[in-house]
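Grab a pencil and let's work through a few short exercises together. Each one comes with a task and then a step-by-step solution.

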Amino acid sequence: MMINISLTGGNGFVGKNLISYLKERALHTNLISREQLGDANIELYKDCDVLVHLAGKAHDLKKSANSEEYFKVNFELTKNIYDSFLRSKAKKFIFISSVKASADSVEGILYEDNNPNPQTDYGKSKLLAEEYIKRQELPVGKSYYILRPCMIHGPGNKGNLNLLYTFVKKGIPYPLAAFQNKRSFLSIENLCFVIKELIVRDDIPSDVYHVADDEPLSTNEVVTILADSLNFKPRLWPISKKVISFFAKVGDRLTLPLNTERLHKLTESYIISNTKLKKHLGKELPLNSREGLRITAQHFKH
């Protein structure tokens, strides 16, 4: 049976990978452009079975974005698109939110039933969109899926992993090896697999789902995987935590690149659970955490 898929945000990192992933599996997408979205035209979804909403204002690490922009794009636009979906004949709405809609920092493991407490405009705007979707009455025969991915990586990725790879490639030692933090990662291949399953199956209930690879990795393990991809020996310097913390405090006073806030961000743990999603999928994810990172590292080389 032919499934008509409409997709917003197709020119982004996730969108490009998802379109080619679905195409390889004989699932073709109709790309909704930014200009079309601006028209709020319900005809866009007339012949659509599944609407995948990827378009959004990404988390700005440089903190230069206007807060209004986050709410306009991540909340208002999502609200308008979801309202159109409810009025249309489309059956499924897949919204790509973020774990940042739940928490900016995590003690222990983050589950879906955690009481959300986002601290940034990015997280707050994503949470508003989630809550709006959940509040609306869902007509019979329709479903919604709110996906909260953690840090996504893969071919074409331009995030912090790329920066770390550049350091490893230059032979710069990683000086924070004494900190044993662990983070959840998400391979783009695994995210595309999850979205594909939601598109083709009708046995998964409407809900909020965390999306992550199975095993969290320490930054030391990530540096080792990146070094292995270059056939380098990983250079891990376990400098005393006290010494590093002292220099970070000096950085606070002298406004240096390393300060206590940045040190915390570099060394904190952020582990999320994918148990709920996997229970409903009833399948294993295609890639384990290490395989996914190895694939990403190979693409950095080209």
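**Exercise 1. Is Arg-87 buried or exposed, and where does it sit?**

Step 1: Arg-87 has a relative accessible area of 54%, so it counts as exposed, given that buried means under 20% relative accessible area, exposed over 50%, and partly exposed in between (1.4 Å probe, protein chains only).

Step 2: Look for Arg-87 in helix 3, residues 67-87. Helices here are DSSP runs of H or I with at least four residues, strands are runs of E with at least two, and both are numbered from the N terminus.

Step 3: Now check Pro-139: it is 52 residues from Arg-87 in sequence, and their C-alpha atoms are 9.3 Å apart in space.

Before you go on, a word on the ground rules: this is a predicted model, where local features need pLDDT of at least 70, side-chain atom pairs count only at pLDDT 80 or more, and totals for chains, interfaces and linings use all residues. Residues are numbered from 1 along each chain as its sequence is written, and side-chain values use heavy atoms, with hydrogens and water left out.

**Exercise 2. Find the salt bridges of Glu-197 with Lys-196 and with Lys-283.**

Step 1: Know what to look for: a side-chain nitrogen of Lys or Arg within 4 Å of a carboxyl oxygen of Asp or Glu. Searching the whole structure turns up 17 salt bridges.

Step 2: Start with Lys-196 and Glu-197, whose closest N and O atoms are 2.7 Å apart. Lys-196 is buried at 14% relative accessible area, and Glu-197 is buried too, at 1%.

Step 3: Move on to Glu-197 and Lys-283, where the closest N and O atoms are 3.0 Å apart. This pair links distant parts of the chain: Glu-197 is in helix 6 (residues 188-200), while Lys-283 is in the loop between helix 10 (275-281) and helix 11 (289-300), 86 residues apart. Lys-283 is partly exposed, with a relative accessible area of 38%.

Step 4: Put it together: Lys-196, Glu-197, Arg-201, Asp-203 and Lys-283 are linked in a network of salt bridges.

**Exercise 3. How far apart, N to O, are Lys-278 and Glu-284 in their salt bridge?**

Step 1: The N to O distance between these side chains is 2.9 Å.

Step 2: Check each partner's cover. Lys-278 is buried at 18% relative accessibility, whereas Glu-284 is exposed at 56%.

**Exercise 4. Where do you find Ala-26 and Thr-255, and what is special about their phi angles?**

Step 1: Recall the background: most residues other than glycine have a negative phi.

Step 2: Try Ala-26, in the loop between helix 1 (13-24) and strand 2 (29-32). Its phi is positive, about 60 degrees, although Ala-26 is not a glycine. Ala-26 is exposed, with 56% relative accessibility.

Step 3: Now Thr-255, in the loop between helix 8 (241-254) and helix 9 (260-267). Thr-255 isn't a glycine either, yet has a positive phi of about 45 degrees. With a relative accessible area of 69%, Thr-255 is exposed.
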